[in-house]
Amino acid sequence: MQLLRAIPILPARSLKKTVDFFESKLGFKGSYSGLMATVEHGSITIYFEMSTSARPSVVACCLIVTDNLQDLYGVCAANDLLYPPGKLSSLPYGKLSFSIKDNNGNIIRFEESTL
């Protein structure tokens with residue numbers, strides 16, 4: 001058995017606003033239909049499922065590995081997306097990372113690739 005890839009499914013309070021957020025802030029292309037939405041950028045796909053949960057304390061997160069963390073950090077900092085606000089973090093295993101919070105409260109963490 002070979003596992004081929006993982007695609008996160010994150011909660012969304014508004015599919016249209018979620019697609020708009022990822023398109024306008026991060027350059028993703030998105031679509032939505034029924035109770036699902038997708039946003040794509042290169043080989044990255046994130047699914048969103050309509051959520052009517054009244055539990056705002058539930059936090060979902062997603063890790064995206066990139067080959068150009070510095071430029072992406074600059075784009076996110078310029079759009080005031082950093083969460084928490086600040087500098088790049090150094091992880092215990094030597095990589096750099098940073099996070100943003102989307103319009104639904106989901107945390108998207110970006111990490112530099114070692115490739």
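Colleague: How many aromatic pairs does a search of the whole structure find?
Modeller: Five, going through the whole predicted model. One of them is F22 with F28.

Colleague: What makes F22 and F28 a pair, and why is the pair called edge-to-face?
Modeller: Their centres are 5.4 Å apart, and rings pair if the centres lie within 6.5 Å. The planes make an angle of 85°; over 60 degrees counts as edge-to-face, so the label fits.

Colleague: Are those two rings buried or exposed?
Modeller: F22 has a relative accessibility of 1% and F28 has 5%. Buried means under 20%, so F22 and F28 both qualify.

Colleague: How do you know that Y73 and F98 are edge-to-face too?
Modeller: Same reasoning: 80° between the planes is set against the cut-off of over 60. Centre to centre, Y73 and F98 are 5.3 Å apart.

Colleague: What does the Y73 and F98 pair tie together?
Modeller: Y73 sits in helix α2 and F98 in strand β7, so the pair links parts that are 25 residues apart in sequence.

Colleague: Why is Y73 called buried?
Modeller: Its relative accessibility is 17%, and the cut-off is under 20%, so Y73 counts as buried. F98, at 4%, is buried as well.

Colleague: On to the sheet. Why are β1 and β2 called edge strands?
Modeller: Because each pairs on one side only, and pairing takes at least two bridges. The order in this open sheet is β1-β4-β3-β2.

Colleague: What makes β3 and β4 a pair?
Modeller: They share six bridges in the antiparallel sense, and at least two are needed, so they pair.

Methods
Residues numbered from 1 in each chain as written. Predicted model: local features only at pLDDT ≥ 70, side-chain atom pairs only at ≥ 80, totals over all residues. Heavy atoms only, no water. Phe/Tyr/Trp six-rings, centres within 6.5 Å; stacked < 30°, edge-to-face > 60°. Buried < 20%, exposed > 50% of the residue type's maximum accessible area, 1.4 Å probe, protein only. Helix = DSSP H or I, 4+ residues; strand = E, 2+ residues; numbered from the N terminus.
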